[in-house]
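Work through the exercises below with the sequence and the coordinates open. Each task is followed by a solution in steps.

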Amino acid sequence: MKIRLIAAATLLLPICAVTAATPAPVQDLGTGVVGSDSDRIARLERIIKARQQAEIDMQQRLDALQQEVLDLRGSTEQQNYQINQMLQRQRQLYEEIGKLSSQQTSTPAPVANSNAPQPVSSGVSLSETDSYQHAVDLVLKERQYDAAIPAFKDFISQYPNSGFADNANYWLGQLLYNKGDYAQAKTAFENVVNNFKASGKRADSLVKLGLIAEKSNDKAAAKSRYQQVVNEYANSAAASIAKQQLAAIKP
């Protein structure tokens with residue numbers, strides 16, 4: 001009996017050795033497909049590459065959305081600047097109309113049959129007021145822009161120290177700028193910047209000087225003017241547009 005068991009064990013040993021030496025098949029638990037290690041690695045690499053490509057596509061979409069937000073923000077700042085300009089001009093017109101009305105009412109009417117000299121108003125003379133009002137009316141009422149240019153020039157020449165002189169120079173510069181005469185427009189805006197430090201039109205004149213410099217391909221001068229606006233009028237609408245123009249100038 002012992003001899004038979006020993007013989008049987010001897011016969012089973014090679015079979016067990018062969019069974020142990022044969023590797024078990026590799027099975028992909030996710031698909032139920034049997035494959036080698038290299039197949040599994042290839043599939044994993046394809047999955048990783050697909051995920052990486054998806055992340056790249058997502059980042060590109062995010063970048064595009066961020067750029068759209070920046071563009072919209074720039075457009076909003078531009079529109080806000082234009083709206084503020086319109087509101088500022090309306091307030092200025094109301095102030096000018098009020099000033100004209102008060103000056104005209106303060107001028108005494110002539111006394112009949114009197115040879116005595118009439119008192120003169122301490123403010124702006126009536127001829128000065130009429131001259132300025134005539135030039136403004138050519139722009140706002142009659143839309144005769146070409147005729148308004150010599151009218152403002154005449155006013156500035158006759159009344160260089162007038163309380164309206166800064167506005168007259170700005171009007172003149174704007175009319176010349178719109179006409180494409182940048183050399184004369186530059187002179188008018190520089191008059192506002194250099195001679196009327198407290199003028200409400202000084203910041204806008206600096207912006208216009210920057211735009212004229214850009215049109216003349218003088219990037220250094222343009223940057224200098226825009227930076228001056230940012231430094232001296234940090235919280236103004238003019239500073240917002242100056243920052244936008246600075247960012248748009250390519251080095």
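Asp166 is found in helix α5, where helices (H or I, at least four residues) and strands (E, at least two) are DSSP runs numbered from the N terminus. Residues are numbered from 1 along each chain as its sequence is written, and side-chain values use heavy atoms, with hydrogens and water left out. The model is predicted: local features need pLDDT of at least 70, side-chain atom pairs count only at pLDDT 80 or more, and totals for chains, interfaces and linings use all residues.

**Exercise 1.** Decide whether Asp166 is buried or exposed, and list which residues Asp166 touches beyond four places away in sequence.

Solution. Start with the cut-offs: buried means under 20% relative accessible area, exposed over 50%, and partly exposed in between (1.4 Å probe, protein chains only). Asp166 counts as buried because its relative accessibility is 12%. Next, search for contacts, meaning heavy atoms within 4.5 Å. With residues up to four places away in sequence left out, Asp166 touches Val192, Phe196 and Ser199.

**Exercise 2.** Find how many salt bridges there are, and describe the one between Asp146 and Lys179.

Solution. The rule asks for a side-chain nitrogen of Lys or Arg within 4 Å of a carboxyl oxygen of Asp or Glu. Side chains of opposite charge can pair when their charged atoms come close. The count by this rule is four salt bridges. In one of them, Asp146 and Lys179 meet through their side chains at 3.8 Å, N to O. This pair links distant parts of the chain: Asp146 belongs to helix α4 (residues 145-158) and Lys179 to helix α5 (residues 165-179), 33 residues apart. Asp146 and Lys179 are both exposed.

**Exercise 3.** Treat the salt bridge of Arg225 with Glu190 and that of Arg202 with Glu232 in the same manner.

Solution. Take Arg225 and Glu190, whose side chains form a salt bridge of 4.0 Å, N to O. Distant parts of the chain are linked here, with Arg225 in helix α8 (residues 219-232) and Glu190 in helix α6 (residues 182-195), 35 residues apart. Arg225 has a relative accessible area of 22%, so Arg225 is partly exposed. Glu190, at 23% relative accessibility, is also partly exposed.

Then turn to Arg202 and Glu232, where the closest N and O atoms of the salt bridge are 2.6 Å apart. This pair, too, links distant parts of the chain: Arg202 lies in helix α7 (residues 202-215) and Glu232 in helix α8, 30 residues apart. Arg202 is buried because its relative accessible area is 6%. Glu232 has 42% and is therefore partly exposed.

**Exercise 4.** Place Arg143 and Asn217 in the chain and give the sign of phi for Arg143 and for Asn217.

Solution. As background, most residues other than glycine have a negative phi. Arg143 sits in the loop between α3 (126-140) and α4. The phi of Arg143 is near 55°, a positive value in a residue other than glycine. Arg143 is exposed because its relative accessibility is 52%.

Asn217 sits in the loop between α7 and α8. Its phi is near 60°, again positive in a residue other than glycine. Asn217 is exposed, with a relative accessible area of 69%.
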